[in-house]
Amino acid sequence: MTLAETSRFAFTPDLTICRALNGMWQLSGGHGRIDPARAVAAMFAYHDAGFTTWDLADHYGPAEDLIGVFRRQFAAQHGEERLGEIQAFTKWVPHPGPMTRRVVEDAVAISRRRMRVDRLDLLQFHWWDYADRRYLDALKHLADLRDEGQIRHVALTNFDTERLAMVIEAGIEIVSNQVQYSLIDQRPAAKLAAFCAAQGTTLLTYGTLLGGLLSEAWLGRAEPSRYELQTVSQQKYKNMIDAWGGWALFQELLAALKTIARKHQVGVAEIGARAILDQKAVAGVIIGARLGLAEHLAANSQVFDIALDAEDEAALAPVLAKGRDLMRVIGDCGDEYR
Ligand SMILES: NC(=O)c1ccc[n+]([C@@H]2O[C@H](COP(=O)([O-])OP(=O)(O)OC[C@H]3O[C@@H](n4cnc5c(N)ncnc54)[C@H](OP(=O)(O)O)[C@@H]3O)[C@@H](O)[C@H]2O)c1
């Protein structure tokens, strides 16, 4: 299996990524028991297949440590000089409090140590409360640490358009913002994506496959109770489906997607991922990976072999039009966390 050339994207002048990133939240509990050795073995399979870019966070259980183990084993097998083939994008999600240089530098140092890197490729910053303006202090320190070589690039996650603009106005260079973006949650298309495109900032997306609910495995099935949903992410995105339009409408969407998937000879999930990859400002879609428990490498490689056309768009439009406008129900990107 070789990924098409179009799977690669010049994310920044010094970092080329795979546009389907491997999401590591699935290691943090609530997604089945992860065996560290099997997980690291799986990381080699992802990398070898061309899925070289990882999305993780300080609070995703052992994710940062597993990047460290993977890098150590990778260097032993292939030599230190090839470590640059791996891109590992972490996050810092601090508890609210003073954002002094010491606090920020200590947090970055922990991630660098766990991941066994001198310099973090990307630090995506999350903040819980916009009323507490200390997020600007934290970001200024992160920008200093970037200039000093401890971080390559500073990024955000779950920031809305208004606050992203404030950060940029404060003179802080932001390369990307990670937000929820799927066929049912198209809030980024309302405001954020156009703003990002104008600024040269990109989007990394999560929730694109609705924790796996956006697949034929769920087509034609009765509405699951909370207990029938096997992972925390399925529970989370079932709530999004309910907010968007409910299970019956979701089944209509799956049926429409299945017709398109048949035409392109791929699965429903790959159509869902492709549709978001094609959106304005999107650099990559993050696809959660239950490392060592389940994998969809061959299927997800096909995301880069298909091109959706006007007929596909026209088939989806009437179903999507029946969904609620989540900008009105929830608010701009990230508001679900605040
Ligand atoms: N910034 C934030 O606030 C935030 C929030 C949530 C997530 N994230 C990031 O985004 C990542 C994605 O996680 P998510 O929770 O949003 O999940 P997701 O990517 O929407 O769904 C992942 C699940 O989809 C299934 N899947 C993957 N490829 C498939 C295919 N080709 N066909 C059928 N099913 C397929 C797998 O299910 P099975 O394993 O059951 O086979 C997988 O576990 C996370 O790991 C994390 O890195 C960030």
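Me: Contact means heavy atoms within 4.5 Å; with that in mind, which elements do the buried residues of α7 pack against?

Reply: This is a predicted model, in which local features need pLDDT of at least 70 and side-chain atom pairs count only at pLDDT 80 or more, whereas totals for chains, interfaces and linings use all residues. Residues are numbered from 1 along each chain as its sequence is written, and side-chain values use heavy atoms, with hydrogens and water left out. Helices (DSSP runs of H or I, at least four residues) and strands (E, at least two) are numbered from the N terminus. The buried residues of α7 pack against two helices, α5 (161-169) and α6 (187-190), and against the strands β8 (176-180) and β9 (202-206).

Me: Which residues of α7 are buried?

Reply: In α7, spanning residues 192-199, L192, A193 and C196 are buried, that is, under 20% relative accessible area with a 1.4 Å probe, counting protein chains only. Because these buried residues fall within an arc of 95° when α7 is seen down its axis, they line one face of the helix; the arc is taken from the directions from the helix axis to the C-beta atoms. Just after α7, G200 takes a positive phi of about 80°.

Me: Which residues touch the most other members of the largest nonpolar core?

Reply: In soluble globular proteins, nonpolar side chains tend to be buried together. Of the 75 residues in the largest nonpolar core here, M24, W54, F125, L139, L142 and L291 touch the most other members. A second, separate core of 30 residues includes F250, L254, L316 and L326. Leaving aside residues up to four places away in sequence, W54 touches residues including M24, M43, F70 and L291. A nonpolar core is a set of buried Ala, Val, Leu, Ile, Met, Phe, Trp, Tyr and Cys residues joined through side-chain atoms within 4.5 Å.

Methods:
Buried means under 20% relative accessible area, exposed over 50%, partly exposed in between (1.4 Å probe, protein chains only). Contact means heavy atoms within 4.5 Å.
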